[in-house]
There are 2 protein chains.
Amino acid sequence: MGKVRENLAECSLPAALESMGERWAFLILRAAFNGLHHFEEFQQELGIARNILANRLARFVEHGIMERASVPEDRRKIVYNLTPKGSALLPTMVALRQWGERWETGEPAFPILVDVRDGRPIQEIAVLSHDGRKLTKHDMHWALPGDVPAEADAG
Amino acid sequence: MGKVRENLAECSLPAALESMGERWAFLILRAAFNGLHHFEEFQQELGIARNILANRLARFVEHGIMERASVPEDRRKIVYNLTPKGSALLPTMVALRQWGERWETGEPAFPILVDVRDGRPIQEIAVLSHDGRKLTKHDMHWALPGDVPAEADAG
DNA sequence: TTTGCGAGTTTCATTACAAAACTTATATGG
DNA sequence: CCATATAAGTTTTGTAATGAAACTCGCAAA
């Protein structure tokens with residue numbers, strides 16, 4: 001991954017950080033992935049200040065990461081559900097968590113994520129080539145669209 | 001991924017966010033992956049305030065994400081290099097970038113990451129089962145160490 | 001020996017975050 | 001029907017983080 005000065009600005013990372021770059025964002029997301037749906041649940045689970053939580057949830061809704069709906073049986077209650085866009089953050093969150101496990105807290109973390117089908121732990125998240133080789137930063141570089149051999153995939 | 005209230009607190013995500021949860025962290029990291037090494041390079045590339053940049057770089061060094069060294073040929077110059085721990089954030093960063101591409105900016109992002117070996121774009125980052133199936137949040141759940149069938153991997 | 005660069009600090013203004021109290025709409029029990 | 005409780009927020013007020021611009025300090029080059 002050599003030095004590429006050409007339009008780094010157009011990278012989509014800043015756009016992603018617009019939604020996810022604020023404090024608490026990932027922790028609220030994790031709680032949502034763990035099945036929490038209600039304001040008070042998030043608040044008690046995370047210990048976050050109520051105004052900030054309200055703020056973040058509203059932001060998530062604005063950005064299409066969560067959907068807000070009131071429950072018919074009890075109209076005081078509001079449910080927050082992850083949208084497909086929100087659910088699509090799962091790999092990012094798992095990657096960040098795994099990194100923390102490996103480099104911050106040290107190996108064994110509880111609970112661990114397992115495949116529901118066979119109960120075995122998930123793989124470590126990695127950058128893979130089109131044919132499945134694990135890539136490090138030295139094995140890849142930036143390219144402009146014209147340089148790429150036809151079949152497009154993720155970039 | 002059902003509701004698991006049992007010790008979410010021990011999840012390593014908060015630890016990871018301790019290093020990476022601050023504003024600019026991922027953008028500085030991206031710049032580093034792109035071969036930037038010097039204070040002024042980061043500053044000009046990102047337009048970040050100098051005091052904040054100094055702060056973040058110092059934090060990265062504290063947390064072992066970057067190494068700080070002065071250049072022998074010109075002892076005014078300082079290089080910041082990613083450590084293995086810092087480089088290990090690549091999958092997380094790529095995952096976040098890909099999410100931004102897909103859901104924020106819309107498909108075509110420039111430049112794109114390609115495999116240096118064949119010039120083809122990298123795969124989309126995903127959560128995979130031990131045998132390589134792509135998993136969604138419905139295909140996995142939390143387990144405690146005792147529940148796991150022997151061969152340990154990442155969790 | 002002065003001019004300039006690289007890598008930061010300092011100062012001060014602005015903005016984000018946080019704790020606790022308050023509000024509003026709805027439910028529930030007597 | 002009235003009192004009390006609950007869910008989901010707002011308001012208020014204080015603290016901490018961020019940002020722009022100017023300043024410092026060590027080295028290097030002319």
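Trainee: How much area is buried between chain A and chain B, and what share do carbon and sulfur atoms give?
Mentor: In this predicted model, the area buried between chain A and chain B is about 9500 Å², and carbon and sulfur atoms give 64% of that area.

Trainee: Why quote an area for an interface at all?
Mentor: People often give the size of an interface in this way, as the accessible area that is lost when the parts come together.

Trainee: And how many residues does each chain put into the contact?
Mentor: Chain A contributes 91 residues to the contact, and chain B likewise contributes 91 residues.

Trainee: What about salt bridges, how many are there between chain A and chain B?
Mentor: There are 6 salt bridges between chain A and chain B, while the count over all chains comes to 20 salt bridges. In one that joins the two chains, E104(A) is paired with K85(B), and the closest N and O atoms of that pair are 3.0 Å apart.

Trainee: Which residue does R133(B) meet in a salt bridge?
Mentor: The side chain of R133(B) meets that of D118(A), with a distance of 3.8 Å from N to O. This pair crosses between the chains, since R133(B) sits in the loop between strand 3 and strand 4 (140–143) of chain B, and D118(A) sits in the loop between strand 3 and strand 4 of chain A.

Trainee: How many residue pairs are in polar contact between the two chains?
Mentor: The count is 34 residue pairs in polar contact between chain A and chain B, with both residues of a pair at pLDDT 80 or more.

Trainee: Which element of chain A gives the most to the side that touches chain B?
Mentor: That is helix 6 of chain A, which gives 15 residues to the side touching chain B. The elements that give two or more residues to this side also include helix 1 (13–20), helix 2 (25–33) and strand 3 (112–115) of chain A. By class, the residues on this side of chain A divide into 48 nonpolar, 22 polar and 21 charged.

Trainee: Do any strands come in here? In what sense do strand 4 of chain A and strand 3 of chain B pair, parallel or antiparallel?
Mentor: Strand 4 of chain A and strand 3 of chain B (residues 112–115) pair in the antiparallel sense, and the pairing runs over 4 bridges. Within it, W142(A) stands opposite L113(B), which belongs to strand 3 of chain B.

Trainee: Switching to the DNA now, which residues come nearest to strand D?
Mentor: There are 22 residues around DNA strand D, and of these R50(A), R68(A), Y80(A), N51(B) and R56(B) come nearest. Of the atoms of DNA strand D that come within 4 Å of the protein, 62% belong to sugar and phosphate.

Trainee: What distances do R68(A) and Y80(A) have from a phosphate oxygen there?
Mentor: For R68(A), a polar side-chain atom lies 2.5 Å from a phosphate oxygen of DNA strand D, and for Y80(A) a polar side-chain atom lies 2.2 Å from a phosphate oxygen of that strand. Chain B takes part through R75(B), where a backbone N or O atom lies 3.1 Å from a phosphate oxygen of DNA strand D.

Trainee: Which element gives the largest share of the surface near strand D?
Mentor: Helix 4 of chain B gives the largest share, with 4 residues. By class, the surface near DNA strand D has 7 nonpolar, 3 polar and 12 charged residues.

Trainee: And which residues come nearest to strand C?
Mentor: Around DNA strand C there are 23 residues, of which N51(A), R56(A), R75(A), R68(B) and Y80(B) come nearest. Here sugar and phosphate account for 61% of the strand's atoms that come within 4 Å of the protein.

Trainee: Which side chains have an N or O atom by a base nitrogen of strand C?
Mentor: E40(B) has a side-chain N or O atom 3.2 Å from a base nitrogen of DNA strand C, and R50(B) has one 2.9 Å from a base nitrogen of that strand. On the phosphate side, a backbone N or O atom of I78(B) lies 2.8 Å from a phosphate oxygen of DNA strand C.

Definitions and conventions:
Residues numbered from 1 in each chain as written. Chains lettered and ligands numbered in written order. Predicted model: local features only at pLDDT ≥ 70, side-chain atom pairs only at ≥ 80, totals over all residues. Heavy atoms only, no water. Near = heavy atom within 4 Å. Polar contact = N/O pair within 3.5 Å; in protein donor to acceptor, adjacent residues only side chain to side chain. Nonpolar A, V, L, I, M, F, W, Y, C, P; charged D, E, K, R; others polar. Contact = heavy atoms within 4.5 Å. Buried area = accessible area lost by both parts, 1.4 Å probe. Salt bridge = Lys/Arg side-chain N within 4 Å of Asp/Glu carboxyl O. Pairing = 2+ DSSP bridges.
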